[in-house]
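Dear colleague,

Please find below the structure we discussed, together with its sequence. A summary of the findings follows it.

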Amino acid sequence: MASAGKIYLIVYNVVQLFCWATGFTELVRCLLTKEDLWTVVGPGLKVYQTLAILEIVHTVVGLVKSSPAITSFQVFSRLMVLWGALAYSESARQSVGFPMLFGAWTLAEMIRYSFYLAALFKKQPYPLVWLRYSMFIILYPLGVAGELLVMYNTLPKVAAEQPFASLAPGDLNWAYYAYVAIMVLYIPVFPVLYGHMLSQRKKALGPAVQPRKRRD
């Protein structure tokens, strides 16, 4: 009989897989019909992306074997983009960065939650394993580029409205500098996380097969 923790993880992953798959179909529909993407996917995205905070809890209590630090960074960086840029700025929502990042997020999450579900049932077909440890090569840079674009398009509104400036000495627009600092932080962090995923790929898929040398 499955443990309560395993049943919970199965339900959680099924829900997230369904939500992100729905988001992907809505993205395709919006691209074809020219509907406003944020109007269609925004309300749901706020819910299921924020729900990912639970994944930090999963690592802390030992339900899953992942790094709490890396998981926390990945979750909170997305929440910053979601709530600090997309939900805040119309310019961010209308930038090309939004469909870029949402496309990358939906594809990556559909693969990730499918992989986790298969692992819970101890069945991981090689094509799914390959997708899990290969698609990030394209999707991660695409998502990061989209995130930076929406953050960049948020800056004019932050500069004009100066949110929370009254809380800082001399009415410093610290929020603006915080946004810039977060964007700059991507420069050293991206290669580290990308390198970590490449090392995970090597462990999961093994070294590339070297062609045999011809004998004379």
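Please note that this is a predicted model. On its surface, a nonpolar patch of about 790 Å² is formed by Ile 7, Tyr 8, Val 11, Val 15, Leu 51, Leu 54, Val 57, Val 60, Val 61 and Leu 63. Two elements, α1 (4-33) and α3 (53-61), give two or more residues each to this patch.

Helix α3 deserves a description of its own. Val 60, one of the patch residues, lies in this helix and counts as exposed because its relative accessibility is 58%, where exposed means over 50%. Val 61 is likewise exposed on that side of α3. On the other side, Glu 55, Ile 56, His 58 and Thr 59 are buried. Viewed down the helix axis, the buried residues of α3 fall within an arc of 155°, and they therefore line one face of the helix. These buried residues pack against α1, α4 and α6. After α3 comes Gly 62, which has a positive phi near 90°.

Turning to the interior, the largest nonpolar core has 35 residues, of which Leu 45, Phe 98 and Phe 102 touch the most other members. At least two residues of this core come from each of α1, α2 (37-50), α4 (68-86), α6 (97-120), α8 (136-161) and α9 (174-205). Beyond its neighbours within four places in sequence, Leu 45 contacts Trp 20, Trp 38, Thr 50, Leu 82, Phe 98, Phe 102 and Trp 105. There is also a second, separate core of five residues, among them Phe 115, Leu 128, Val 129 and Tyr 133.

With kind regards

Technical notes:
Residues numbered from 1 in each chain as written. Predicted model: local features only at pLDDT ≥ 70, side-chain atom pairs only at ≥ 80, totals over all residues. Heavy atoms only, no water. Patch = residues over 30% accessible without salt bridge, like charges linked within 9 Å, V, L, I, M, F, W, Y side chains within 5 Å. Areas by Shrake-Rupley, 256 points an atom, 1.4 Å probe, with all protein chains shown as cover. Salt bridge = Lys/Arg side-chain N within 4 Å of Asp/Glu carboxyl O. Helix = DSSP H or I, 4+ residues; strand = E, 2+ residues; numbered from the N terminus. Buried < 20%, exposed > 50% of the residue type's maximum accessible area, 1.4 Å probe, protein only. Core = buried A, V, L, I, M, F, W, Y, C linked by side-chain atoms within 4.5 Å. Contact = heavy atoms within 4.5 Å. Arc of directions from axis to C-beta.
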